[in-house]
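The following paragraphs explain how the protein meets the DNA in the structure shown here.

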Amino acid sequence: YSFFNDTEETKATIKDYADSNCLKTSGIKSQDCHSHSRTSLQSSHLWEFVRDLLLSPEENCGILEWEDREQGIFRVVKSEALAKMWGQRKKNDRMTYEKLSRALRYYYKTGILERVDRRLVYKFGKNAHGWQEDKL
DNA sequence: CGCTCTTTTCCTGGTT
DNA sequence: TAACCAGGAAAAGAGC
């Protein structure tokens with residue numbers, strides 16, 4: 001395959017991909033886009049970005065899914081799409097899930113995330129905030 | 001400029 | 001075999 005398709009072309013398709021993907025699911029529950037003022041997804045940190053994505057079904061597109069809402073356990077359903085979105089947020093079209101997950105693993109050390117021994121499953125730790133339903 | 005903190009990049013090796 | 005997971009190391013980038 002080509003070595004040249006990693007710039008403009010990719011950049012263009014990422015948004016289209018995300019947008020069209022959102023359109024498919026956003027019609028489901030427009031009412032569910034509760035008034036969290038976090039729709040922008042401008043969070044500076046990765047864990048906040050993930051949290052806000054989890055909390056906004058609008059831009060989520062089924063990329064992330066709660067496994068246990070009360071315990072803050074969630075699963076990455078579309079790892080590649082998540083990486084692309086994070087890459088968009090950071091203006092880095094070379095982002096991959098491999099690299100994103102490395103960053104997530106650093107959170108275990110700081111208590112932002114807790115380890116869950118299941119593939120693509122993570123859990124918010126004691127030092128993460130703003131994800132709990134009753135605390136919104 | 002230098003320093004800290006977070007994230008990125010790369011890698012070796014193990015697991016599902 | 002592909003897709004993940006574990007972390008060490010080093011370096012980039014942002015903010016102060």
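A polar contact is a pair of N or O atoms within 3.5 Å; within protein, one must be able to donate a hydrogen and the other to accept it, and residues adjacent in sequence count only if both atoms are side-chain atoms. This is a predicted model, in which local features need pLDDT of at least 70 and side-chain atom pairs count only at pLDDT 80 or more, while totals for chains, interfaces and linings use all residues. Residues are numbered from 1 along each chain as its sequence is written, chains are lettered from A and ligands numbered from 1 in the order in which they are written, and side-chain values use heavy atoms, with hydrogens and water left out.

On DNA strand C, polar side-chain atoms approach phosphate oxygens at 3.2 Å from Ser-79 and at 3.0 Å from Tyr-97. Arg-102 instead places a side-chain N or O atom 2.8 Å from a base oxygen. Of the strand C atoms within 4 Å of the protein, 43% belong to sugar or phosphate and the rest to bases. Helix H5, residues 97–110, supplies the largest share of the surface near this strand, five residues; a residue is near a strand if one of its heavy atoms lies within 4 Å of it, and helices are DSSP runs (H or I, at least four residues) numbered from the N terminus.

DNA strand B is surrounded by 13 residues, and H5 again gives the most, with five. Here 72% of the strand atoms within 4 Å of the protein belong to sugar or phosphate. Phosphate oxygens lie 2.6 Å from a polar backbone atom of Leu-46 and 2.8 Å from a polar side-chain atom of Lys-99.

Key:
Helices (H or I, at least four residues) and strands (E, at least two) are DSSP runs, numbered from the N terminus.
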